[in-house]
Amino acid sequence: MSVSHYPAVSFDQTVRRHTLSVIVDNEPGVLSRIAGLFSGRGYNIESLTVSETEAEKHISRITIVTSGSEKIIDQIKNHLDRLVPVHRVVDLTLQGESIERELALLKVVGKGDHRMEALRLATAFGARTIDATVTSFVFELTGATDDIERFIKVLGPCGLAEVSRTGIAAMARGSEVM
Amino acid sequence: MSEMMTGAEMVVRALRDQNVEHLFGYPGGAVLPIYDALFQQDFVKHILVRQEGGAVHSAEGYARSSGKVGVVLVTSGPGATNAVTGLTDALMDSIPLVCITGQVPTHLIGSDAFQECDTVGITRSCTKHNYLVKRIEDLPRILHEAFYVASNGRPGPVVIDIPKDIQFAKGVYSRPKDNQHKTYRPTVKGDLSKIKAAIDLMSKAKRPVFYTGGGVINAGPHASALLRELVHLTGFPCTSTLMGLGAFPAADKQWLGMLGMHGTYEANLAMHGCDVMINIGARFDDRITGRIDAFSPGSRKIHVDIDPSSINKNVKVEIPIVGDCAHVLEDMVRLWRELSPQVDKPALKSWWGQINEWRGRNSLGFQNSDTIIKPQHAVQRLYELTKGRDTYVTTEVGQHQMWAAQYFHFEEPNRWMTSGGLGTMGYGLPAAIGVQLAHPKALVIDIAGEASILMNIQEMSTALQYRLPVKIFILNNEYMGMVRQWQELLHGGRYSSSYSEALPDFVKLAEAYGSHGIRCSDPAKLDDAIMEMIETPRAVIFDCVVAKEENCFPMIPSGKAHNEMILNDFTGDTKTVIDAKGRELV
Ligand SMILES: Cc1cc2nc3c(=O)[nH]c(=O)nc-3n(C[C@H](O)[C@H](O)[C@H](O)COP(=O)(O)OP(=O)(O)OC[C@H]3O[C@@H](n4cnc5c(N)ncnc54)[C@H](O)[C@@H]3O)c2cc1C
Ligand SMILES: Cc1ncc(C[n+]2csc(CCOP(=O)(O)OP(=O)(O)O)c2C)c(N)n1
Ligand SMILES: [Mg+2]
């Protein structure tokens, strides 16, 4: 939200969610440079995922989910692009439908009916059971953010005790490469 | 040519290879090896400042007046933290700097070692880029890359943090062959189709105005020459921001004076009423736009800027052109000549008629006095008496800065050094020292306020050591005048802590620093006193005692539009011109 009492009338204020893929040199400090850019200029980060993708070239791919008006999203992209270690910034949202996945680990603790219900739900959602004791399960689910959120919601009453999520990895559909 | 040497020697060699003749610095434990390497050569001259903040501002003045990269060397911990204000200042004003900081040895990093601080962490957001060197193999590349990054694209400060063990370590030095960077490659050539669209829009304009800025200065003297050519070819009026003064000559008929909060009536009204605005290297700063929703409501805008993030940041423009001012101006001049478009002569004539009417308001006019020196008059006399000399002006921050911008006129770029974006009091004296080193024979004047000058007064000692004849011209109103003015306008005239209490005797202070002191409070003696200052071959502190409660007008009060300026002949109540919402703004 802009705090100025002078609305910038000429800009479209509709807030949209965008997924950005950023290819960077995997050098020390690159992540804090990006995180600092977002906090310093008051932009939102909804999800941030980083991993080295080409080890020999020291290249990492960062996936950022953010939201803002068209003007803010353009500013974010321009600011990212002018950082020295950034190779490329691609707005997957503008490229048409992209594939977005995240992974969640979910621990359910309990006995009796709850336990059976949790297992049934896991099967229905296509989650894998990767750990089980007599009083607990750990499920793994990979999917779009919405799927994961739905799964978390339904598991809640079944003794869901702990959640760990990776953040989003994203890629454009089709033969186009970054 | 590859050679074995220590990290410290690499630093000095790289500076030499980058043709760095002056280095501003202050020693300490974590940079002793570099100081030792400096001691053993005489190409790079080290200028010992009295506080690291002074080193950075000196380097800024040096850079801005010469077009070179300014270079700084400071120690770890307090040396680095003292440099932070200057680095932020350089980032805001797009000044190319390389600042080398010492760091504790690599194996001690993170242990709260003596004089350790997280320099790259602290300076990440106030530099264009920064490096912590962890391997001697990386040092030669980083040293040269830093110069490339500082000076290419939108210029800015770059920090290289070098742990002490790396300074002692031996490695192979070679100067990288290509001066390119693998990821950082700013666009310098503008998109020709956009430039064509801009020329087309300009040729149809009825009420055009050139709004030029610091980007033209950054692009080098050639860009200023091209700007003049284009403005003359088109016959359009031209104004500039504080940072762009000198790119277009103040004596030119097409010059409207500076625009913005303290700009002229004609410049601001031309911006407000234009139908085509041609922004060359300016960033729609809030001191320019005032109230955004009322800013130049009827115009279509062209914006030339090397930094895509400056475009559509504050103001939406129809024709954005990403590129270097010099390249884009060259294309514009060429296309304009090729097409020699039929401009709308009657419309332009009536536009100039309107502008001349606004000029007739004489918005820089002021009530002079023959009993007390008016600050505006003092700057006017300073300007008249230094005309025709090889003069460079720096300033501190406050009313005197604005009066300098309004009444001292510049015909050439790189002659005017001021802290615009950050507004750092204490900038002017060290900056003047940097300018004087770059231009030893020139007349270098810091137009100062009595409060600001005390922020880096210790640099008088630097001026003495290197025999730099800088002139400090203090408009002494015994107030933090700019603060007092805002308190008058916004806070009912309650002058909370803005009176300059317990000032030193500036004449004695000058003498204590081995320089010459002059005091003048009589308008009749002002010219002689100024001449005495100019003719003194040493540093001078001139205590010019001026009217205490003079306001700096014209002024667009915060929260108002360009057509709601207050002028010098304002007769209403200054205490009620700004509304509650305007008070929230800075
Ligand atoms: C007390 C006070 C009062 C002030 N009042 C005023 C006032 O009344 N009027 C005023 O004008 N200012 C005023 N200022 C200064 C103001 O705060 C800004 O610093 C100034 O307006 C910015 O100038 P600029 O737009 O030219 O931008 P700069 O800060 O000089 O930025 C330059 C722009 O050009 C771009 N650029 C850089 N290099 C190139 C290149 N080679 N090619 C193309 N583009 C390039 C950059 O990306 C940037 O967008 C005041 C400051 C203070 C401290
Ligand atoms: C480092 C710093 N601190 C505070 C300010 C806020 N400030 C802006 S102008 C000003 C007063 C300057 O007084 P003086 O140097 O006497 O100049 P004058 O306005 O009287 O000409 C102050 C305190 C600033 N710009 N920089
Ligand atoms: Mg003062």
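**Close-up views of chain B**

Of the 586 residues that make up chain B, 61% count as buried. The views below are drawn from a predicted model.

**View 1. The overall fold of chain B combines 23 helices with 20 strands.** The radius of gyration of chain B is 24 Å, close to the 25 Å that the globule rule gives for 586 residues, and chain B is therefore as compact as a globular protein of that length. Measured out along its principal axes, the C-alpha trace of chain B spans about 70 × 60 × 45 Å. When contacts in chain B between residues at least 6 apart in sequence are considered, 76% of them join residues at least 24 apart.

**View 2. The surface of chain B exposes about 22100 Å².** Carbon and sulfur atoms supply 51% of this exposed area. Chain B carries 58 positive and 64 negative side chains, and the centres of these two sets lie 5 Å apart.

**View 3. B:Cys520 and B:Cys544 are shown here as two cysteines whose sulfur atoms lie 6.0 Å apart.** The cysteine sulfur closest to that of B:Cys520 belongs to B:Cys544, but the 6.0 Å between them is too far for a bond, since a disulfide requires the sulfur atoms to be within 2.5 Å. B:Cys544 is likewise in no disulfide, its nearest cysteine sulfur being that of B:Cys520. Over all chains, the structure holds 0 disulfides.

**View 4. The surroundings of the two cysteines leave B:Cys520 buried and B:Cys544 buried.** The relative accessibility of B:Cys520 is 4%, while B:Cys544 has a relative accessible area of 0%.

Definitions and conventions:
Residues numbered from 1 in each chain as written. Chains lettered and ligands numbered in written order. Predicted model: local features only at pLDDT ≥ 70, side-chain atom pairs only at ≥ 80, totals over all residues. Heavy atoms only, no water. Buried < 20%, exposed > 50% of the residue type's maximum accessible area, 1.4 Å probe, protein only. Helix = DSSP H or I, 4+ residues; strand = E, 2+ residues; numbered from the N terminus. Rg over C-alpha atoms; globule rule 2.2 N^0.38 Å. Contact = heavy atoms within 4.5 Å. Areas by Shrake-Rupley, 256 points an atom, 1.4 Å probe, with all protein chains shown as cover. Lys, Arg positive; Asp, Glu negative; His and termini not counted. Charge placed at Lys NZ, Arg CZ, Asp CG, Glu CD.
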